[in-house]
Amino acid sequence: MNALASSLATDPFHARFGCPLPRTMCDAITWQHMSWASFTERFSPTTGPLRLGSWTACRAPGGRTEFDATFGIGDTIINCAATTYGPIEALTSMLHDAGFRIEILSFHQQSIGDETATFVLAERDGRREWSMGVDADATLSSIRAVVAGANLLGR
């Protein structure tokens with residue numbers, strides 16, 4: 001069996017959706033027949049110090065967009081706003097202001113049926129983590145991936 005076939009045979013994302021993980025993600029992590037539940041727990045945690053409450057966007061002058069979000073951080077609820085050219089720029093700015101200083105090093109999206117899967121490699125203080133978000137809305141998929149990355153790096 002060649003390396004690609006061997007990698008796909010142990011890739012839980014491929015087993016579930018028939019699509020491989022981003023190659024750079026496969027090169028950076030190892031697993032041996034990880035279940036889908038273990039995979040999502042590892043790369044898309046639903047618990048952590050940061051929780052997304054709401055996310056809205058409306059057009060602003062100059063081709064920019066006004067983004068508003070509500071986050072739970074521990075026991076505190078915070079409201080954030082940013083006017084930028086895109087949702088990831090707005091989100092990372094909001095997270096920075098809230099004390100979650102992360103940098104997005106790699107970003108991949110792919111359609112999986114009626115949903116979009118987003119994979120993000122984020123870094124904080126020299127530590128890197130891959131994370132994943134899945135949603136019917138491509139923007140929310142990317143937001144979920146970045147929030148998952150912030151939670152993984154916040155541990």
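**Figure 1. Length and burial of helix α6.** Helix α6 (residues 138–153) has 16 residues, which at 1.5 Å a residue should span 22 Å, and the 23 Å between its end C-alpha atoms agrees with this; the expected span is taken as 1.5 Å times one less than the number of residues. Helices (H or I, at least four residues) and strands (E, at least two) are DSSP runs, numbered from the N terminus. The model is predicted, so local features need pLDDT of at least 70 and side-chain atom pairs count only at pLDDT 80 or more, whereas totals for chains, interfaces and linings use all residues. Residues are numbered from 1 along each chain as its sequence is written, and side-chain values use heavy atoms, with hydrogens and water left out. Of the 16 residues of α6, 12 are buried, where buried means under 20% relative accessible area, exposed over 50%, and partly exposed in between (1.4 Å probe, protein chains only). These buried residues, among them Ser141, Ile143, Val146 and Leu152, pack against α4 (36–43), β1, α5, β4, β5 and β6. At the start of α6, a side-chain oxygen of Asp137 comes to within 3.0 Å of the backbone nitrogen of Thr139.

**Figure 2. Surroundings of Thr118 in strand β5.** Thr118 lies in β5 (residues 115–124) and is buried, with a relative accessible area of 0%. Its side chain makes polar contacts with the side chain of Gln109 at 2.9 Å and with the side chain of Ser141 at 2.6 Å; a polar contact is a pair of N or O atoms within 3.5 Å, where within protein one must be able to donate a hydrogen and the other to accept it, and residues adjacent in sequence count only if both atoms are side-chain atoms. When neighbours within four places in sequence are left aside, the residues in contact with Thr118 (heavy atoms within 4.5 Å) include Phe107, Met132, Ala138 and Ala145.

**Figure 3. The hairpins on either side of β5.** Strand β5 is mostly covered, with eight of its 10 residues buried. Nine bridges join β5 to the antiparallel strand β4 (residues 103–112), and Gln110 has Ala117 of β5 as its bridge partner; two strands pair if DSSP finds at least two bridges between them. Two residues lie between β4 and β5 in their hairpin, where Gly113 takes a positive phi near 70°. Strand β6 (residues 127–135) is likewise joined to β5 by nine bridges in the antiparallel sense, with Arg127 in β6 as the bridge partner of Arg124. In that hairpin, which also has two residues between the strands, Asp125 takes a positive phi near 55°.

**Figure 4. The open sheet β1-β2-β3 and helix α5.** Three strands form this antiparallel open sheet in the order β1-β2-β3. Because β1 (50–59) and β3 (76–84) stand at the edges with a single partner strand each, one side of each is left without a neighbour in the sheet. Neighbouring strands are turned by 15° against each other on average, direction ignored; axes are lines fitted to C-alpha atoms, for helices over the stretch in contact, and angles run from 0 to 180 degrees between N-to-C directions. Strands β1 and β2 (residues 65–73) pair over nine bridges, and Leu52 stands opposite Phe71 in β2. Helix α5 (residues 87–97) packs on the sheet, touching β1, β2 and β3, and its direction makes about 40° with that of β2.
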